[in-house]
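Colleague: I would like a close look at one part of this model, the aromatic contacts, with the surroundings brought in where they help. Please take it slowly and keep the reasoning visible.

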Amino acid sequence: MSRSYNIVRPRFWAWAKEKELSAGARELALYCLTSPHTNGIGCFRLPIAYIAEDLGTVSATVRKTVSELSKIGFLHHDDSTGWVFIPGFLDHNPIANLNVGKSLMSFVEAVPRKAPFYKAFLLVIERTAERFPDGFVDRMRNGIGNGSPNGMPTHEHDHEHDHEHDHEHDHEHDAGAAEAAGEADLTDPVAEAFTLYREAAKRHSWSIPRKLDADRSKALSGILKEWGGLDGWREALGKAEASGFLTGKTPRDEAHKDWRCNLDFLTMPKKFRRLMEGGYGGDMPPPGSAPARGSWAAGQP
């Protein structure tokens, strides 16, 4: 089932210019968002040969543009299965309701669990669990789906091609794919929020977390869900960076003189609410600074 329409915001062009994308990468990004292969979850089977045929080019050129888009976190492509994952797809094309979620269950189940981006994909699905029937996401998390036991497609691809697979893998591409796979979990909104905090922490000598563990991932996910996603998180960081108390610019009492702001503090629900409501000051961004910009999925394109 292909999509009848997808949302591509006018900001896409400014984003592409900002990222200094080549003409081929711009075309491929739009193709991935609007092609007949695209589905409602942003993760679908799209072998290199399919792309090459549809865009009238050769596999070597496709591999180069796929690598370009992978490096900026727009997509991840697994050459061994031919599947592609667009981390920010559901931010622009959210699942409207439970009925739509039910219709998308087979697509979620079809994503191959051996794909290197599967863990990051599942994190995205978990953040929209309320749009699926009760227990569905838990079953997926535990490796139990309603469809194929191997997590592979149970339906035929609806777009015919003369050349099904391109089995030629050069070593250079394999190395690039492995590198992208290792960074797959850094392209979803939770991981991007983590990165934005680390960048702010470096600017203000805040405590810098070493890793995004399960507890922090859960806390950040809750904040993003309740406070407007990455836009809300950027707003909060802007307030924190403008806060004299949180940045240490305002004199502190003896009990707090050595205290530094940290991620665990900011993601405590009561502390975060206080920050957003002006409890720590910082309603205006600090002079000469601007909220860090994120991926195309953060409301930019």
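To start from one ring, which residue has its charged end over the ring of Tyr280, and at what distance from the centre?

Modeller: The residue is Arg274, whose charged end sits over the ring of Tyr280 at 4.4 Å from the ring's centre; please keep in mind that this is a predicted model. Turning from that charge to pairs of rings, the count of aromatic pairs comes to 14. One of these is formed by Trp227 and Phe272, an edge-to-face pair with 5.5 Å from centre to centre and 65° between the planes. This pair links distant parts of the chain, since Trp227 belongs to the loop between α11 (214-226) and α12 (229-242), while Phe272 belongs to helix α15 (residues 269-276), and the two are 45 residues apart. Their surroundings can be set side by side: Trp227 is partly exposed, with a relative accessible area of 30%, whereas Phe272 is buried, with a relative accessible area of 1%.

Phe272 also has a ring partner in Trp233, and here the centres are 6.0 Å apart with the planes at 5°, so this pair is stacked. Because Trp233 lies in helix α12 and Phe272 in helix α15, the stacked pair ties together parts that are 39 residues apart in sequence. Trp233 counts as buried, at 1% relative accessibility, because the limit for that term is under 20% relative accessible area. In soluble globular proteins, nonpolar side chains tend to be buried together.

Elsewhere, one aromatic cluster is formed by Phe12, Trp13, Trp15 and Phe74. Phe74 leads on to the largest nonpolar core, which has 48 residues, and in which Phe74, Phe121 and Phe132 touch the most other members. Apart from that core lies another, of 25 residues, including Val190, Leu237, Phe265 and Met276.

The strands complete the picture: 3 of them form an open sheet in the order β1-β3-β2, with antiparallel pairing. At its edges are β1 (43-45) and β2 (76-78), each of which pairs on one side only, and the twist from one strand to the next averages 20°. Between β2 and strand β3 (residues 83-85), which run antiparallel, there are 3 bridges, and His77 stands opposite Val84 in β3.

To return to the part you asked about, Phe272 is the ring to follow in the model, being paired edge-to-face with Trp227 and stacked with Trp233.

Methods. Residues numbered from 1 in each chain as written. Predicted model: local features only at pLDDT ≥ 70, side-chain atom pairs only at ≥ 80, totals over all residues. Heavy atoms only, no water. Core = buried A, V, L, I, M, F, W, Y, C linked by side-chain atoms within 4.5 Å. Buried < 20%, exposed > 50% of the residue type's maximum accessible area, 1.4 Å probe, protein only. Pairing = 2+ DSSP bridges. Helix = DSSP H or I, 4+ residues; strand = E, 2+ residues; numbered from the N terminus. Axes fitted to C-alpha atoms, helices over the stretch in contact; angles between N-to-C directions. Phe/Tyr/Trp six-rings, centres within 6.5 Å; stacked < 30°, edge-to-face > 60°. Lys NZ or Arg CZ within 6 Å of the ring centre and 35° of its normal.
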